[in-house]
Amino acid sequence: MKEQKTTRGFLRGTPAAALSILVLLVLLVLSLLGAVTFGSTDIPIGDVYGVISQKLYHLLIGDGSWGSGSLFRAIWYIRLPRLILAMAIGAGLATCGVVMQAIVKNPLADPYVLGISSGASLGATAAILLGVGTVFGSNFVGVMAFLGAFVISLAVVGLANIGGRANSVKLLLAGTALSSVCSAFSSFIVYIAHDREGMQTVTYWMMGALGGATWETDLVVLLVVLAGIGFFLTQYRTLNLMLFGDETSITLGTDLHKWRQLYLLVSAAIVGFAVYAAGMIGFVGLVIPHVVRMFFGTDHKRLLPISALTGAIFLIWADVACRTIIPGQELPIGILTSMIGAPCFIYLMARKRYGFGGGD
Amino acid sequence: MKKVKKLLCMMMAVAMVFTLAIRVSAAGNQTEYPVTVTTYDYEGNEIETTYEKAPEKVICVYQGCIETMIALGLEDRVIASYGLDNPVKEEWEEGLSKMNYNEDAFSPDKETVLMMEPDLIFTWGSLFSDKKLGNQTEWIANGTNTYISTNTRRGGYPRTLENEYTDLLNIGRIFGVEDKAQALVDEMKNEIAGVLEQTAGQEAPRVAVIEFLGDQISNYSAKQLGGSMVEALGGTLANPDASEIGKEDLVELDPDVIFVVYMARTENVEAEMIAKVMEDPAFADLSAVKNGRVYSIMLGDMYASTVRSIDGIRTFAAGMYPELYK
Amino acid sequence: MRVEACDVQCVLNANRILKGVSMYASQREMVGLIGPNGSGKSTLLKCIYRILRPTGGAVKLDGRDLLACTTKESARALAVVAQHNYYNFDFSVQDVVLMGRAPHKRALDRDNAEDYRIVAQALETVGMTSFAQRSFSTLSGGEQQRVILARALAQQTPCLILDEPTNHLDIKYQLQLMDLVKGLERTVITAVHDLNIAAMYCDRLYALKDGKIVGQGTPRELLTPQLIRKVYEVDAEVYEDSHGILRVLYYPDGARKETVQ
């Protein structure tokens with residue numbers, strides 16, 4: 001027979017995918033090294049690497065030398081944590097996008113679907129305007145957003161199970177219903193609090209920005225994201241089954257019901273921590289999985305790791321762009337990703353070849 | 001010719017002696033360092049900050065902070081400034097030109113601030129959010145003092161005129177220019193005292209300070225600086241509690257005087273804002289409308305306004321007691 | 001493997017769809033379910049392949065209660081080719097067939113060379129080897145059904161359940177698919193719409209009407225004009241053609257007496 005491959009997913013073969021993962025890993029390291037030289041102030045590249053290598057050396061020999069001076073602080077406490085956060089969140093959001101799309105069996109889902117975003121907004125709004133949760137310390141807004149996201153996800157699962165087992169459609173309905181409720185409560189808080197500055201803060205906060213990165217938050221987010229990705233990598237078969245639907249899955253030996261809920265909660269944890277550290281960053285979780293699918297197909301064995309790596313690299317460079325597009329000023333990364341993401345998405349939609357996998 | 005020269009020399013000498021004398025006298029009143037000042041961290045907790053000497057590398061962000069520095073003659077201490085809502089007053093323009101004002105960015109980012117190695121950041125509370133500069137405590141721990149406009153402290157504390165006085169005096173103490181700061185505060189206090197004295201025994205005018213935000217009318221309550229100013233001037237707030245009111249509420253309140261808050265973003269905004277009350281048929285029967293007592297007031301004069309508070313006070317007083325300002 | 005349904009009852013939305021159905025399929029037997037739409041064929045099959053839970057009675061695999069098995073165990077016993085397979089996502093043919101290996105895998109197992117060999121074999125059996133890298137959604141209906149059959153084959157189950165698999169297929173593909181299945185030598189339970197296909201391929205047939213078995217036997221025994229009249233409410237003629245194959249012809253109401261002798 002003649003070669004029957006279509007252009008879609010031309011990198012589908014396992015060796016090609018494995019090679020791609022390797023290439024992306026190398027690119028990720030190069031991206032980190034490259035991106036760290038960009039900042040809102042001009043620091044000579046030599047100084048940048050000098051600071052990092054010195055610090056790494058001291059960490060390695062463990063003499064507890066912490067370095068000092070504003071140069072050191074700018075690189076070690078501002079630039080690097082930020083990059084690591086961008087990497088972690090990019091990988092996390094792309095992974096959650098893939099997973100959410102499988103959970104609701106809909107390629108238009110993003111990590112914030114199913115109430116996570118409105119839950120996070122509600123948490124953040126309550127924190128900023130009513131001062132709820134100040135006991136959680138300096139990032140209490142983030143903690144409240146995380147709690148909001150997570151609690152709403154639990155509620156979505158609970159609601160979807162009322163009157164019979166939850167399925168994709170019921171999850172979506174429950175998510176939509178609870179989103180509306182959360183938005184209403186957020187608006188209510190905004191209305192009663194009537195705090196001009198607070199409202200600006202809420203808006204700014206929800207836009208998503210990586211400026212709040214510290215090593216402490218990085219560590220938490222990175223651990224959660226890595227654990228989450230690690231978990232999902234073992235679940236690629238079940239994720240594939242999710243796209244075949246409940247009935248087919250049972251005949252293939254997996255009852256999706258409990259997995260769907262478990263995945264939703266793991267995703268909610270990842271997204272919740274991402275929101276905690278950086279607010280809402282749109283379109284990464286929606287577009288990256290689509291782009292990766294175009295090249296590597298739908299199989300989650302390849303889709304998951306490649307999406308995670310692509311998401312990480314994408315967000316690192318998106319953040320560099322945010323810091324350099326307007327001199328002296330930083331564009332919130334949520335705005336940038338939406339500005340890049342929306343046209344990409346429309347392009348994908350308009351491409352005839354890529355009908356989101358729909359049949360002819 | 002020679003005589004003229006001599007005279008000039010003498011005059012210069014005299015002038016120099018005078019300036020020196022003034023300098024000396026100013027020095028005589030200087031703050032004893034270290035100075036400890038109370039400010040607030042991002043969550044709104046009180047923090048004590050200590051100044052070993054007057055700060056020399058100040059980063060100054062937002063209108064009131066910039067203008068305070070100029071009004072106190074401290075512009076040469078500022079290494080970078082950001083975030084003007086509207087142009088500074090004419091008499092402050094020269095001062096602003098020495099403050100390295102950055103037109104491109106409305107507020108600076110963390111790295112930029114860090115690399116400038118400032119010894120004081122003087123701004124509003126919101127700039128220290130975790131996504132902007134990060135909490136004050138961290139900056140202070142690394143040798144950069146912070147001071148925020150007290151009326152931008154987080155946590156629902158009432159915004160008062162007293163806080164504006166405190167800020168002026170605190171900045172005065174930090175930089176050793178307490179006299180100047182005191183003079184500015186006295187000017188405001190005297191203005192109010194004068195008004196109160198001249199209107200003693202008069203019935204307190206009922207005042208509403210409102211702002212049109214989209215379709216809603218926000219009402220400046222007693223917990224807002226605008227409300228605080230009105231009350232300090234002997235006025236009664238028509239509604240001292242609500243933060244938002246409907247058109248019907250305003251009709252019901254029927255205040256004697258209405259102040260409409262505007263942001264000085266466009267040329268005609270003042271007239272537009274007044275027209276929103278004067279020309280709305282729903283408000284036609286309001287006594288303030290009928291008596292032509294609807295005035296405009298600039299947001300910057302009554303919102304974390306620091307040195308501009310004097311303008312807010314005067315605008316309010318002139319609207320409340322027009323006979324005094326004829 | 002012997003698959004048995006014992007007095008299976010099923011109530012859906014307060015409708016009694018199955019009113020106590022008993023049937024069996026022995027080792028390597030191809031058993032067909034016939035009956036009009038709504039007679040309960042699909043519901044019975046769904047009870048057997050676990051999508052529906054019987055409200056009474058039991059399904060047994062080699063005498064063991066189906067519900068006592070894990071879903072993985074039952075998926076290693078029964079593979080299913082259902083009527084409709086439309087996926088919102090774009091899998092390659094190989095990906096789809098590879099999923100047939102899922103019941104044999106634990107969470108951390110990777111796909112190994114053996115799995116790929118089985119997948120290749122399954123694709124070869126259904127004649128779809130050259131389509132392995134094609135995207136599933138670009139295939140024709142017949143090709144898609146063959147891929148799904150390949151997936152069922154990759155499951156390597158002793159029993160295969162076909163839920164009207166030839167619906168919407170062109171005649172060529174209907175025959176092709178049934179030939180394939182017949183050649184597998186496994187226990188097969190299939191719902192069949194077309195009595196001629198049932199007659200051609202099945203060893204034994206059960207006739208369902210209104211949720212009850214109204215007849216059973218080999219095609220020759222069962223497919224009589226009387227039974228067809230009873231089950232489908234149409235007149236029919238059953239005869240053997242020149243190749244010795246049983247044929248069923250239908251007639252419009254009352255037409256038969258006039259046109260056929």
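Domain bounds come from an automatic or database domain assignment. In chain B, that assignment gives domain 1 (35-159) and domain 2 (201-325). The centres of domain 1 of chain B and domain 2 of chain B, taken over C-alpha atoms, are separated by 29 Å. This is a predicted model.

## Domains that touch

Start with chain B. Its two domains meet through 13 residues from domain 1 of chain B and 12 residues from domain 2 of chain B. On the side of domain 1 of chain B that touches domain 2 of chain B, 3 residues are nonpolar, 7 are polar and 3 are charged.

Now turn to chain C. The assignment splits chain C into domain 1 (3-223) and domain 2 (225-261). Their C-alpha centres lie 29 Å apart. Here 14 residues of domain 1 of chain C are in contact with 10 residues of domain 2 of chain C.

Which elements supply at least two residues each to the side of domain 1 of chain C that touches domain 2 of chain C? They are helix H7 (195-201), strand E9 (204-209), strand E10 (212-217) and helix H8 (219-222) of chain C. H7(C) brings the largest share, 4 residues. By class, this side of domain 1 of chain C has 9 nonpolar, 3 polar and 2 charged residues.

## Where chain A meets chain B

The contact between these chains takes 25 residues from chain A and 25 residues from chain B. On the side of chain A that touches chain B, helix H3 (69-103) and helix H7 (196-207) of chain A are the elements that give two or more residues. H3(A) gives the most, with 5 residues. This side of chain A divides into 7 nonpolar, 14 polar and 4 charged residues.

The table sets the three described sides next to each other.

| Side | Nonpolar | Polar | Charged |
|---|---|---|---|
| Chain A, touching chain B | 7 residues | 14 residues | 4 residues |
| Domain 1 of chain B, touching domain 2 of chain B | 3 residues | 7 residues | 3 residues |
| Domain 1 of chain C, touching domain 2 of chain C | 9 residues | 3 residues | 2 residues |

## Chain C as a whole

Chain C has 10 helices and 12 strands. Its radius of gyration is 19 Å, close to the 18 Å that the globule rule gives for 261 residues, so chain C is as compact as a globular protein of that length. Along its principal axes, the C-alpha trace of chain C spans about 65 × 40 × 35 Å. Of the 261 residues in chain C, 43% are buried. Take the contacts in chain C between residues at least 6 apart in sequence: 64% of them join residues at least 24 apart.

## Strands and a hairpin in chain C

Strand E1 (residues 3-12) of chain C pairs with strand E4 (residues 56-61) of chain C. The sense is antiparallel, and the pairing runs over 5 bridges. C:Glu4 stands opposite C:Lys60 in E4(C).

E4(C) also pairs with strand E5 (residues 64-65) of chain C, in the antiparallel sense over 2 bridges. In this pairing, C:Leu61 stands opposite C:Arg64 in E5(C). The hairpin of E4(C) and E5(C) has 2 residues between the strands. C:Asp62 belongs to the loop between E4 and E5 of chain C.

## Backbone details

What is the sign of phi at C:Asp62? It is positive, about 50°, although C:Asp62 is not a glycine. C:Asp62 counts as exposed because 12 other C-beta atoms lie within 10 Å, and the cut-off for exposed is 12 or fewer.

C:Glu185 also has a positive phi, about 60°, and is not a glycine. C:Glu185 lies in the loop between helix H6 (171-182) and strand E8 (187-191) of chain C. Is C:Glu185 buried or exposed? It is exposed, because it has 10 C-beta neighbours inside 10 Å.

Chain B holds a backbone detail of another kind. B:Tyr33 and B:Pro34 are joined by a cis peptide bond, with omega about -5°. B:Pro34 is found in the loop between helix H1 (2-28) and strand E1 (35-40) of chain B.

## Confidence in chain A

Chain A averages a pLDDT of 84, and 91% of its residues score at least 70. Residues 1-8 of chain A stay under 50 in pLDDT. For them the model has 16 contacts beyond four places in sequence. Residues 355-360 of chain A are also below 50. That stretch has 14 contacts in the model beyond near neighbours in sequence.

Key
Residues numbered from 1 in each chain as written. Chains lettered and ligands numbered in written order. Predicted model: local features only at pLDDT ≥ 70, side-chain atom pairs only at ≥ 80, totals over all residues. Pairing = 2+ DSSP bridges. Contact = placed C-beta atoms within 7 Å. Nonpolar A, V, L, I, M, F, W, Y, C, P; charged D, E, K, R; others polar. Buried ≥ 20, exposed ≤ 12 C-beta atoms within 10 Å, placed from the backbone. pLDDT = per-residue confidence, 0-100. Rg over C-alpha atoms; globule rule 2.2 N^0.38 Å.
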